[in-house]
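Biologist: I keep hearing words like "salt bridge" and "buried area". Could you walk me through what earns those labels here?

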Amino acid sequence: MSNTSKTVTLNMGPQHPSTHGVLRVILELDGETVVKAEPVLGYLHTGIEKTMESKLYYKVLPCTDRMDYLAPMSNNLGFCLAVEKLMEIDIPDKVQWVRVCLAELTRINSHLVWLGTHALDLGAMSMLLYTFRDRESIMDMYEAVGGQRMMTTYIRIGGLAMDIPKDFEKDIRNVIKVINNGLNDYETLLTNNEIFINRTKGVGVLTADEAINLSLSGPMLRGSGIKHDLRKANPYSSYEKFDFEVPVGENGDAYDRYLIRVEEIRQSIRIMEQTLDGMPEGPYRAHVPGIVMPPKEDVLYKMESMIFHFKLITEGFKAPVGSVYQGIESGKGEMGFFISGDGTNKPHRVRVRPPSFINLAALPKMCEGNMFSDVVCAIGSIDIVLGEVDR
Amino acid sequence: MGIEEKIPDSIILTSLDKMVNWAHKRSMWPLGFGLACCAIEMISTFGPHFDVARFGMEVMRPSPRQADLMIVAGRVSHKMAPVVRTLYEQMPNPKWVISMGACASCGGVFNNYAIVQGVDRIIPVDVYIPGCPPRPEQLLDGILTLFKQVEKESIKDDHPEWGRKLV
């Protein structure tokens, strides 16, 4: 930097409490105003897409949990739907209902962590304690269905890992009660809080045109007034059977995105209640010998099932030549999986369309020309997960 | 017998090592530094349910210069490795490192070109915690294991010249 230069270059991250992981932003400041903001990525690059190419289709699944680790079930769902599309497997109704219920639970999980950390960045420290208090009930639910707190890998190709527990309905209703109570706390603390409003209103504004041109998705897009939700626009996993609203913002600022995410939690609860009310009976896995794993009970007592199980674990199944794309609406936006099969038992290429990565491209537009202290708010309102950005 | 009988109850006689270790153990401030999935479980541990404040470490320092303990929570990529090393070097002595989760301990499921196969290749590690990710209880157990190690330490280890003078 020469002495005549008027601007100051400031490095933010990769170890910074407000960058939600290991994001690095190079800021060029003119006084307190941001002239240029440049995100630097790759500090959590894990090579997940490349790793997927060397694994059987079944064994790819655990990698998907570890991308967006705040919404593992959404990632599982996206990948499973893509493989099921490639293999043309029909899924039983009960499985679809359970999947929808858990995907919505995952959306709440993701939004709760976002709410806590975003408020923490803006100085409201107690929010994190409240949201993590209520998140524990979701973690207990994950543990009840999948046996693990975070990386459940519960949604499998062709169905679920195991049948839902006996108390599934009662437990989910308890979780709903906890979250409903929690929502009142959060809204009392934040929605009319003058400090929160001052720090978020008019910050990180994106117009509808800008949002579309940056190909944003999820609450980032809806905050700018575009009513687009894949659950409505291109329903998957029988989302068309459920009744819910898609909240839309007006101003495209951080405050609108906050309102949208809180409303989305309410709508998720509505969908979960509908799935519980109309939960159909049936098997927890599709019956497709040779492609879908046979149920564990059969593996223990039936000869054919054991053979299929053994063959699937050691050799997997051969996918046809061809490619599919399946996008789902995760908590952060459109989570898409592109899978190219080449006739072998391993995918030729898996490409992930991560919502956080593409939404992060809006950061320079949201920061440039604004105050330096609003950068933290802008990063927070995008809701990034670095595991998904870098993969 | 001896001086112990003459002094009032409010005075406790102990060795310097014990007192220093007690102080280290009861106010160990971790570095607020998360990498990947394990960081979320680390936040859970610091949250209201598991409440690590019971062990005197609720204060997460955003700056390595004020931290005593580094919890490497998550996978360390080759791009991140120099940063982790720098952060470790910026921490003042005495300092401890917990490697949390399979990825930090040995690379975990990601045995590929991008991930450092174990953070102990770049910094010394005191306690390894298995799991992907470890439960908060496991992290608490790891922290308590570290405390037990701290109890056995001696300030002479950090200052070898003191030992020579005394003996």
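Modeller: Sure, and keep in mind that this is a predicted model. Let's start inside chain A: the area buried between domain 1 of chain A and domain 2 of chain A is about 1,500 Å², with carbon and sulfur atoms giving 71% of that.

Biologist: What makes that number a "buried" area?

Modeller: It counts as buried because it is accessible area that two parts lose on being put together, summed over both. For these two domains of chain A, that sum comes to about 1,500 Å².

Biologist: Which elements of domain 1 of chain A touch domain 2 of chain A with two or more residues?

Modeller: Strands E1 (8–12), E2 (24–30) and E3 (33–40) of chain A. E3(A) has the largest share, six residues.

Biologist: Now the two chains. How many salt bridges does the rule find across the interface of chain B and chain A?

Modeller: Two. In one of them, the side chains of B:Glu41 and A:Arg149 meet.

Biologist: Why is the pair B:Glu41 and A:Arg149 called a salt bridge?

Modeller: The rule wants a side-chain nitrogen of Lys or Arg within 4 Å of a carboxyl oxygen of Asp or Glu. Here the N to O distance is 2.8 Å, between an Arg and a Glu, so the pair qualifies.

Biologist: And what makes a residue of chain B part of the side that touches chain A?

Modeller: Contact means heavy atoms within 4.5 Å. By that test, 32 residues of chain B are in contact with 32 residues of chain A.

Conventions. Residues are numbered from 1 along each chain as its sequence is written. Chains are lettered from A and ligands numbered from 1 in the order in which they are written. This is a predicted model: local features need pLDDT of at least 70, side-chain atom pairs count only at pLDDT 80 or more; totals for chains, interfaces and linings use all residues. Side-chain values use heavy atoms; hydrogens and water are left out. Buried area is the accessible area (1.4 Å probe) that two parts lose on being put together, summed over both. Helices (H or I, at least four residues) and strands (E, at least two) are DSSP runs, numbered from the N terminus.
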